[in-house]
Amino acid sequence: MKLEKQYYEITSQEKVKKLGQYFTPLSIAHFMSSWIMECSPKSILDPAVGNGVFLKDIDCENIECLGYEIDSDILNFFKENKRFNYKVLIQDYLQSEWDLKFDAIICNPPYNRFQMIDDRKQILDNFSQKLNFKISGYTNQYILFLLKSIYQLNDNGRLAYIIPNEFLNSGYGNKVKKYLIDNKLLYAIINFDSNINVFENALTTACIILIKKEIHKDVEFINITSEEEFNILSNNFFSSDIQRKRVNYNDLNYKEKWGQYFDHSEQLNYKNLVKFSKFAKAMRGIATGDNSYFVFNESKRREMNLNIRSFFPCITRAIDVTTPILSFETFQKLREKDKNIYVFDGTLYKDKNNEKYIKMGENRNVHKKYLTSHRSPWYSMEKKDPAPILINVFSRNRLKVIRNLANIKNLTCYHGIFILQNYDHLIDVLFCYLLTSVGQDILYLNRRQYGGGLDKFEPNDINNSMCLDFDLLTDEDICNIRKLYDKLVLSESSDLIINELESIFIKYLL
Ligand SMILES: C[S@@+](CC[C@H](N)C(=O)[O-])C[C@H]1O[C@@H](n2cnc3c(N)ncnc32)[C@H](O)[C@@H]1O
């Protein structure tokens, strides 16, 4: 940022302060511009251009780019030294045209108080009229910039703003928070922890607001505590190595302080929690190395003329099990529906057809695949016991938890939960707990997040997550849980029973 240093040398401190001429660090500007570019915009707006850092690397020959800058001096300084290949209007953005719309908007607005601005009353009146709510004279300028930009954003467009984070916790932020909730626009807020000084020459807090103009179910609150963490986020927005919390719009209240969502320690508001590994161990399912070769349904088995003794029964796809109880009857139904429920293991049985099938695998080079080439013989299968409880690896909002009463093995679509020997008697209690929303919420704190609201658990994410200390349950409650479990096994619908179970567990957690 050599040029920026030169700019500060020739410009009065007073002016820099009055116009809020503080520059976004390159790494942050790059992150923000990459994020807006993901929606392949045809038009982009930067309402406070300054040194033009945001649109610097964007191909403005093929995208309509427009900027606003109130100060011609700063523009001329950076124009002389850099090429601005897009139109910048020398104008007050707050008084500019409202009806121009853009696919993407990116901005680091001035942060100074609005009371210092001329034409204040006229601007506020205009804002209140356009937005249909009254705006207080104490509103900071950056809020006005943000509100106007949201108004100018096209449907399905993206907006990235870097602004101070105070509005999240103070009264003057309520209007904008309400606006964001009502319209369900907010996609994520990335907060920079107070120990990070984002701007070289200005002591201010900072957060990045990401808006996608489409309906969302929840908002992601991400807390960055070091430069290194920001680099991780820039490389992988969904990285689980960063403190993040997803809050459903229905749970967001504009009158509450949103700063709470960045405090990781507050996420564990429950008591009597211990590590999951105190009671049970999660282990991944069987990996065949080539499902198209090893996995069978009844028709394929008959077609290949293979003896049933060459197979073991197995759950091979997560969607095949739809109820919390996997009984012999449910498994039988999967067989009747000709689902893929057999896994071939060439060592279980020997006959001519079996040998022919193994030969066929070799002709297809199945034995040269990564996993098969590490097994001896290649057509044998991993020896794993059936797990009493199954949990699906990928989920959306809710985990699928299955009590495996049919004693069937599973492929990697599910993780197996094995209870430790001295807690054998609590297997059904653990299962019931994992079915409840509160049990899942606590477990979810350890999930890894993928795109499109997809969550993933590795076995160790489960082992290292927290759960209720079942040692505290009274004999009476254990007895009640068991009765509800028995009802669950017999019943068609489980929601009411799960609610009753939750009311028992919650007594210990709150
Ligand atoms: C915080 S700087 C951002 C500069 C650059 N975009 C960046 O991120 O490094 C804000 C810029 O907005 C300009 N500015 C201040 N008030 C403005 C207004 N009402 N309309 C347009 N630009 C304004 C300032 O002169 C300054 O260059």
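This report describes a predicted model of a protein with a bound ligand, beginning at the ligand and moving on to the cores and to selected residues.

## The ligand and its surroundings

The shell around the ligand consists of 23 residues, and the closest of them are G20, T24, E69, D92 and Y93. By character, this shell divides into 14 nonpolar, 7 polar and 2 charged residues. Three pairs of atoms linking the protein to the ligand may be described individually. A polar side-chain atom of E69 is found 2.7 Å from an oxygen atom of the ligand. For A48, the atom concerned is a backbone N or O, which lies 2.9 Å from a nitrogen atom of the ligand. In the case of N51, an N or O atom of the side chain is 3.3 Å from an oxygen atom of the ligand. Taken alone, the ligand exposes 600 Å², of which the protein buries 98%.

## The nonpolar cores

The largest nonpolar core contains 96 residues, and the members that touch the most other members are Y161, I162 and I208. Helix α6, which spans residues 141-151, gives the most to this core, with 7 residues. A second core, separate from this one, has 45 residues, including F279, I391, V438 and I481.

The contacts of I208 illustrate how the largest core is joined. Leaving aside residues up to four places away in sequence, I208 touches I28, F31 and M32, as well as Y161 and I162. Its other contacts on that basis are A188, I189, I190, F192 and F230.

## Buried residues

Strand β13 holds I315. With a relative accessible area of 0%, I315 falls under the 20% limit and is therefore buried. Apart from residues up to four places away in sequence, I315 touches V321, L326, F331 and L334, together with I408, K409, N410, L411, C413 and Y414. The C-alpha atoms of I315 and V343 are 9.0 Å apart in space, while the two residues are 28 residues apart in sequence.

V343 also appears among the contacts of S310, which touches V343, F344, D345, L348, Y349 and N354 when residues up to four places away in sequence are not counted. S310 is placed in the loop between α10 (298-303) and β13 (311-315). Its relative accessible area is 0%, so S310 is buried.

A charged residue can be added to this group. D477 belongs to helix α17, which covers residues 475-490. The relative accessible area of D477 is 7%, and D477 is therefore buried. Not counting residues up to four places away in sequence, D477 touches I504, K507 and Y508.

## Lysines with accessible surface

Three lysines are compared by location and accessibility in the table below.

| Residue | Location | Relative accessible area |
|---|---|---|
| K2 | helix α1 (residues 2-10) | 69%, exposed |
| K175 | helix α7 | 43%, partly exposed |
| K184 | loop between α7 (174-182) and β6 (186-192) | 28%, partly exposed |

K2 and L168 are 166 residues apart along the chain, and their C-alpha atoms are separated by 33 Å. For K175 and N223, which are 48 residues apart along the chain, the C-alpha separation is 23 Å. K175 is in contact with F133 and K134, leaving aside its neighbours within four places in sequence. The side chain of K175 reaches the backbone oxygen of K134 at a distance of 2.8 Å.

## Backbone features

Most residues other than glycine have a negative phi, and most peptide bonds are trans. Several positions in the model depart from these tendencies. N156, although not a glycine, has a positive phi of about 65 degrees. N156 lies in strand β5, which runs over residues 153-163. Its relative accessibility is 54%, so N156 counts as exposed. K184, likewise not a glycine, has a positive phi of about 50 degrees.

The peptide bond from S376 to P377 is cis, with omega near -10 degrees. P377 is found in the loop between α13 (370-373) and β16 (389-392).

Definitions and conventions. Residues are numbered from 1 along each chain as its sequence is written. This is a predicted model: local features need pLDDT of at least 70, side-chain atom pairs count only at pLDDT 80 or more; totals for chains, interfaces and linings use all residues. Side-chain values use heavy atoms; hydrogens and water are left out. A residue is near a molecule or strand if one of its heavy atoms lies within 4 Å of it. A polar contact is a pair of N or O atoms within 3.5 Å; within protein, one must be able to donate a hydrogen and the other to accept it, and residues adjacent in sequence count only if both atoms are side-chain atoms. Accessible areas come from the Shrake-Rupley method with a 1.4 Å probe; for residues, only the protein chains shown count as cover. Ala, Val, Leu, Ile, Met, Phe, Trp, Tyr, Cys and Pro count as nonpolar, Asp, Glu, Lys and Arg as charged, and the others, Gly among them, as polar. A nonpolar core is a set of buried Ala, Val, Leu, Ile, Met, Phe, Trp, Tyr and Cys residues joined through side-chain atoms within 4.5 Å. Buried means under 20% relative accessible area, exposed over 50%, partly exposed in between (1.4 Å probe, protein chains only). Helices (H or I, at least four residues) and strands (E, at least two) are DSSP runs, numbered from the N terminus. Contact means heavy atoms within 4.5 Å.
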